[in-house]
Amino acid sequence: MSDPLQAAARSVEQGRVEEALATLHRAGDAGNADALTRLATWYLSGTIVARDLPAARTLLRRAAELGHADAALVEIALTANGSGAEPDWKAAVQRLGHAALSDPLAAQYLQLLEQMSLREDGTPEDLPRPTMLHPEPRIQRFAQFCTPDECVHIASLAAASLQPATVFDPGSGKMIAHPVRNSDNAVVGPTQETLVVQAINQRIATATATRIAQGEPLAVLRYGPGQQYRPHLDTLTGEPNQRIRTAILYLNHNYTGGETAFPLLGLKIVPRVGDLLVFDNVDARGASDPNSRHAGLPITSGTKWIATRWLRAEPTSPWLLSAQARAAAQA
């Protein structure tokens, strides 16, 4: 018997998408967890078929019940962050506990989650007290905001997906090297948001006086020697739902250089592992604040890792943002 995944892939290559769907559905109905998971990824990505988050959730749950460990972890993430249904933190934690009985990776995630001081809804019980570094724009530093283990967890999730920073060039119609940032970067999207990541995102929301839905997905950046992020603003031109604040989590500090500098303020912050830097990007009127211009200075030795979460004025959707980014890349 031919592999249904390979058969479906051939059908897609030949433009017979409905045939591919039928092949995978038949295999899934026969108990093939890999076929169910492949179908779910198609409905999540929205590239082969139209995006359908509730359908993807149903397929992932079926695959998880058949013992598919990866499907279980993705379905747990979507259960907690509310993709395709209302968010249900309690159910997600219960499912992680069940998955941990047979999956070492789930057990590792559960152990790290249990070390966090969380309320039943996943919000933090307390936060470190911030240090005010500048009043306007407000710049604050939360020392030891995350533990070293939490920082390693974030970096490990993104490591395999890191790519050189690029930007769409409307002149050539191609993705080109980013003119301002020459780091490697990856986004921890909604399917990768472990409960540990979601608890940290909720911690950031509490620290920044925002709702968790106002945050873009965590963007992980890695800088090697000579790499930097030149002075820039985080606000977006012509964007009605503006990035009002930025939160930068320093994931390590065993390197030299790489300070976060605000050149117009004469302020330079030396990174320390686990610290969170939070600053406003807009003024009291909601307009972009030129004094929030900042830079990641060049690395002189070692490798710098950070995770950035941009906070919007209103709730946003990671699925909408990913669709907009794909559309821009294809324009």
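**Helix α8, its cysteine, and the open sheet**

Helix α8, residues 148-159, comprises twelve residues and spans 16 Å from its first C-alpha to its last, close to the 16 Å expected at 1.5 Å a residue. The model discussed here is predicted. Within α8, the buried residues are E150, C151, H153, I154, A155, L157 and A158. The elements that cover these buried residues include the helices α7 (104-114) and α9 (195-207), together with the strands β6, β7 (218-223), β9 (243-250) and β16 (304-312).

C151 counts as buried because its relative accessibility is 1%. C146 likewise counts as buried, at 5% relative accessibility. Are these two cysteines bonded or unbonded? A disulfide is a covalent bond between the sulfur atoms of two cysteines. The cysteine sulfur closest to that of C146 belongs to C151 and lies 5.3 Å away, which is too far for a bond; the cut-off for a disulfide is 2.5 Å. C151 is accordingly in no disulfide, and a search of the whole structure finds zero disulfides.

Several of the strands that cover α8, among them β6, β7, β9 and β16, recur in an open sheet of eight strands. The order of this sheet is β1-β2-β13-β9-β16-β7-β6-β3, and the pairing is antiparallel. Strands β1 (131-134) and β3 (163-164) stand at the edges; each has a single partner strand, so one side of each is left without a neighbour in the sheet. Strands of a sheet pair through backbone hydrogen bonds, either parallel or antiparallel. At the β3 edge, the partner is β6 (residues 184-188), and the two strands pair in the antiparallel sense over two bridges. Here P164 stands opposite D184 in β6.

Methods:
Residues numbered from 1 in each chain as written. Predicted model: local features only at pLDDT ≥ 70, side-chain atom pairs only at ≥ 80, totals over all residues. Heavy atoms only, no water. Pairing = 2+ DSSP bridges. Helix = DSSP H or I, 4+ residues; strand = E, 2+ residues; numbered from the N terminus. Buried < 20%, exposed > 50% of the residue type's maximum accessible area, 1.4 Å probe, protein only. Expected span 1.5 Å × (residues − 1). Contact = heavy atoms within 4.5 Å.
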